[in-house]
Amino acid sequence: MTPEPAAPMALRDRTRWHLGANAPVAAWLAAVFAISLVQHYVPEWHWLLVHLLLLGAVTNAIFVWSAHFADALLRRRATAGSRRWQAARMVALNVGVVTVVAGMVSAAWILTLVGSVVVGSAAAAHGIALARQARAALASRFGATVRYYVCASLALPIGAGLGAVLARDPVEPWHGRLVVAHITLNLLGWIGLTVMGTLVTLWPTMLRTRIAQSAERVARQALPILVGSVVVAATGALAGSQGLAAVGVAAYLGAVLWAVRPLAQVARAKAPSAYATWSVMAAMIWLVGSLLGLVAVLVASPTWQLVTDRLGLLLIPLAAGFAAQVLLGALSFLVPVVLGGGPMILRGTQARMDRGNALRAVLINLGLVVCVLPVPSRVRVLVSVLVLGAFAAFLPLLVTAVLYAR
């Protein structure tokens, strides 16, 4: 769902804004691919790959596109003043992320703490701005889905704070408890809620079909369950109750399955046929599988130490399978739309973003399946290189699409 057509000058301003606002997303993605190539020479490279992707690229994208969709859903046109405040929040976010990364790489905990506070403050300010816009806007059919973004913005400050505590490397069982709470708030709360709220309208738009009649009702029903599940899971983890944490994650899984029913309905009416839609659909499948895995880990692990050890098995499904694919899939559709230029230019930019669509989708998802299986290390290394190459193809395709449109 995109804002109503604007005058040519307004469209050019919107295009310039999105090119600048999405530049940090591309920069963090480039950093992820660069670290992947020289990982063995970089300290804390496991941590860096995950956080450059999730805290850098994905979080920047959420700041940009949740504001974009909130404007569209609330039938509000962004003003120069609102853009300036949004830019200020994004500058603060990236300063915070760089500070967190510097603190982890240099083992200077005070930097990690300061960076976490800055990141959390930027997210809170983002949520407050969206909440104020929602209160001031006239009623609209899907305006209530902006609440997903507001609730998500409440999760990241707490999750970032727990991350700072984790950087002190607490002993077990607190390490395992904090890791589960950190993942719950940041991945299921901040990223998961944002994705679920966005796909209500974005998914049918990507498929170029009508929104299911039940979509609004289901979205309203799912939100309190999703939010409550995040609270229960995080509280259970911090309280040392694996059972309560498992109940929270299982409830979250049930709410996701309920929320995707309207999305599956429109997919049956208009099957995915481009990289963007295949990537987002695959991401949701990986999310469901990851939630099942997290429930199994919490239920079957007798100690928090074992929970910590087994959570590594979910790193690839959650970070690469879910978060990376939903990000690149959404951007593959949204970037040509905001570049504009008329129907002919739009088709050209979409065609460039869609090059090698089937090959990329197959390499990524079959490769990720191989990577999570107990295969020989040489096979895993070879397959991971192919997966990385398929992911990395997004950046040159993005450049060619932007150059073509401009």
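This report walks through helix packing, backbone oddities, a salt bridge and a surface patch in a predicted model.

Because the model is predicted, local features need pLDDT of at least 70 and side-chain atom pairs count only at pLDDT 80 or more, while totals for chains, interfaces and linings use all residues. Residues are numbered from 1 along each chain as its sequence is written, and side-chain values use heavy atoms, with hydrogens and water left out.

## Helix packing

A word on terms before the pairs. Helices here are DSSP runs (H or I, at least four residues), numbered from the N terminus. Their axes are lines fitted to C-alpha atoms over the stretch in contact, and angles run from 0 to 180 degrees between N-to-C directions. Angles under 35 degrees count as roughly parallel, over 145 as roughly antiparallel, 65 to 115 as roughly perpendicular, and the rest as oblique. For handedness, a crossing is left-handed if the near helix is turned anticlockwise from the far one by less than a right angle, and right-handed if clockwise.

Take helix H7 (residues 174-207) and helix H12 (residues 304-311): their axes come within 8 Å and cross at roughly 45 degrees. That makes H7 oblique to H12, and H7 passes H12 in a left-handed crossing.

H3 and helix H13 (residues 315-339) pack with their axes 11 Å apart, at an angle of about 40 degrees. H3 and H13 are therefore oblique to each other, and their crossing is left-handed.

How do helix H14 (residues 343-353) and helix H17 (residues 394-405) cross, and at what angle? Their axes come within 8 Å, at roughly 165 degrees. That makes H14 roughly antiparallel to H17, and the crossing is right-handed.

## Backbone oddities in the loops

Some loops hold backbone values worth a look. In the loop between helix H6 (146-166) and H7 sits Pro173, and the peptide bond leading from Glu172 to Pro173 is cis, with omega near 10 degrees.

Two residues that aren't glycine have a positive phi: Glu44, at about 55 degrees, and Ala107, near 60 degrees. Glu44 belongs to the loop between helix H2 (23-37) and helix H3 (45-73), whereas Ala107 is in the loop between helix H4 (80-106) and helix H5 (109-136).

How covered are they? The scale is relative accessible area with a 1.4 Å probe and protein chains only: buried means under 20%, exposed over 50%, and partly exposed in between. The table puts these two loop residues beside some helix residues.

| Residue | Place | Relative accessibility | Class |
|---|---|---|---|
| Glu44 | loop between H2 and H3 | 43% | partly exposed |
| Ala107 | loop between H4 and H5 | 69% | exposed |
| Leu55 | helix H3 | 14% | buried |
| Trp286 | helix H11 | 14% | buried |
| Leu359 | helix H15 | 57% | exposed |

## Two buried residues and their partners

Leu55 is found in helix H3 and counts as buried at 14% relative accessibility. The C-alpha atoms of Leu55 and Asn94 are separated by 9.2 Å, with their positions 39 residues apart along the chain.

Trp286, in helix H11 (residues 275-300), also has a partner listed here. Trp286 and Ala320 are 34 residues apart in sequence, and 9.0 Å apart in space, C-alpha to C-alpha.

## One salt bridge

How many salt bridges are there under the rule used here? The rule asks for a side-chain nitrogen of Lys or Arg within 4 Å of a carboxyl oxygen of Asp or Glu, and the count comes to one. The side chains of Glu216 and Arg220 form it, at 3.3 Å from N to O. Both residues lie in helix H8 (residues 215-238), four residues apart, which is about one turn of the helix. Glu216 is partly exposed at 23% relative accessibility, and Arg220 is partly exposed too, at 41%.

## A nonpolar patch on the surface

Which residues make the nonpolar surface patch? Leu359, Leu363, Leu382 and Leu386 do, over about 370 Å². Helix H15 (357-372) and helix H16 (377-392) are the elements that give two or more residues to the patch. To join, a residue needs over 30% relative accessible area and no salt bridge, with nonpolar side chains (Val, Leu, Ile, Met, Phe, Trp, Tyr) linked within 5 Å and like charges within 9 Å. The areas come from the Shrake-Rupley method with a 1.4 Å probe. One of the patch residues, Leu359, is found in helix H15 and counts as exposed at 57% relative accessibility.
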